[in-house]
Amino acid sequence: MTTSRQDLLRQLPSVDQVLHQAQDLITEWGHQQVTEQVRLEIDTLRSSMTAQATEETLEAEKAPDFIDQILISIEVKLQQSNANSLIPVFNLTGTILHTNLGRAILPQQAIDAIVIAASSACNLEFDLDSGQRGDRDSHIEALLCELCGAEAVTVVNNNAAAVLLVLNSLALNRQVPVSRGELVEIGGSFRIPEVMQRAPCQLVEVGATNRTHLKDYANAINEQTALLMKVHTSNFSIQGFTKSVSKSELATLAKEHGIPFVVDLGSGNLIDMAQFGLPPEPTARQSLVDGADLITFSGDKLLGGPQCGIIAGRKDLLEQIRRNPLKRALRVDKLTIAALSEVLKLYRHPEKLKQALPTIVHMNRSSADIQAQANRLLPFWSTVMPAQFNCSVQPCDSQVGSGALPISTLPSFAISTLSKNDAEISRLQALARQLPKPVIGRLHDKCFSLDLRCLDDETQFINQLDMLASALNA
Ligand SMILES: *Cc1c(COP(=O)(O)O)cnc(C)c1O
């Protein structure tokens, strides 16, 4: 028996006919979404049937049950469109603070504080003593002043916002000399010269890429100069025949000319990193001791807190910054303040950091501990890998990431999977990304490598390996 195409087109139900039988879907997803999907589905069916123009008749035992077919199809689509886009992943890239993977993981104390702040009204900008309007900075300012040794502090959306706000507040339409060796680009869209253009202020490049002298800055200063600025070269290092000007020399020069000295620290740690086997980096406190009038740094880099940018330093300059209407546009919300406050309290008690702050916990893991974990997991991993893959535990180097300590690495161990075939190893990498909790590793030279430094939940990792095995065999 054959049914002509025209017959089939005539049998397509109307939107109302389908909706009439879609009560369950409507209860779950709402009338609006279901109606829209039904309309789309009928349109799709109609155009695909019309497109089969060369075939005048369609073979069919009987006309398909269009309504059932439509209901099944839209249920799948509704579920797909409702799936969360932002999901947890295993960061086994070896980069602890991976900007694309969300940087710092918050400590439990901060997560609890976020839940409390989110679930109730709170005194965000309300002074409970006077009953008057308060200032949201008041909840973290004293803590940050104590930890940085600063007179005053404010917090904005991220460090890029902090730099923008400082320049816009203190250097609007005026000149700012910066060393050619410090005109950094951070992860694509943040470039010092471009931020200055938008501040807007005029960048005056001084020195050469590899060498800048104090006299280069001195020669650049004139009545148009608003401030001197030093930028931490967060994600690169210039080696060889180099010279840069120290913070204390720049601070003295700025003072002689009566202009502020600003340092963009980028990562800005609050404690000495040497205890984690990393090269000593100047702390926020040390930069202020060295004479910076203002420093800016990120909350979610080495600090290990929520995304935010911290501006710390002289009280009079911070008052000027707070008066800038842009401050309002760049301010942080109550959730950030709640989380930041808990993270800062951990820094008051540094012994706790090594147990409680995930960024420090991950930095502090010994390579022996990671090696033992890799040896434990290797049998589970190898079993699900096809025979032609060569799996082993290999030493590797982790890095801090996010522009913190760009050239220092932490010795670590990885489960390494090697294949002679490029396509096979890329397929493995892609399938690992499709797991319910995607596994993100590193691919180099036909080798897929999982650095276990940041693997906290071994069981969860093992439990989804069966699914990886099925995907590989499919
Ligand atoms: C990371 C970084 C920034 C940008 O900070 P975000 O918190 O990512 O906005 C700015 N300057 C320097 C030197 C940095 O390292």
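User: What makes the S298 side chain a polar contact of the ligand?

Analyst: A polar side-chain atom of S298 lies 2.7 Å from a ligand oxygen atom. A polar contact is a pair of N or O atoms within 3.5 Å, so S298 qualifies. This is a predicted model: local features need pLDDT of at least 70, side-chain atom pairs count only at pLDDT 80 or more, and totals for chains, interfaces and linings use all residues. Side-chain values use heavy atoms, without hydrogens and water, and residues are numbered from 1 along each chain as its sequence is written.

User: Which side-chain N or O atom lies 2.8 Å from an oxygen atom of the ligand?

Analyst: One in K301. Taken alone, the ligand exposes 380 Å² (Shrake-Rupley, 1.4 Å probe), and the protein buries 94% of that.

User: How many residues surround the ligand?

Analyst: 13 do, with A160, S234, D264, S298 and K301 the closest. The criterion is a heavy atom within 4 Å.

User: Why is strand 12 called mostly covered?

Analyst: Five of its five residues (309-313) are buried. Buried means under 20% relative accessible area (1.4 Å probe, protein chains only). G309, I311 and G313 are buried on one side, I310 and A312 on the other. Strands are DSSP runs of E, at least two residues, numbered from the N terminus.

User: How do you know that strand 4 and strand 12 pair?

Analyst: Pairing needs at least two DSSP bridges. Strand 4 (residues 152-156) and strand 12 have five, in the antiparallel sense, so they pair. V153 stands opposite A312.

User: Which residue of strand 12 is the bridge partner of S298?

Analyst: G309. Strand 11 (residues 294-298) runs antiparallel to strand 12, joined by five bridges.

Technical notes. Buried means under 20% relative accessible area, exposed over 50%, partly exposed in between (1.4 Å probe, protein chains only). Helices (H or I, at least four residues) and strands (E, at least two) are DSSP runs, numbered from the N terminus. A polar contact is a pair of N or O atoms within 3.5 Å; within protein, one must be able to donate a hydrogen and the other to accept it, and residues adjacent in sequence count only if both atoms are side-chain atoms.
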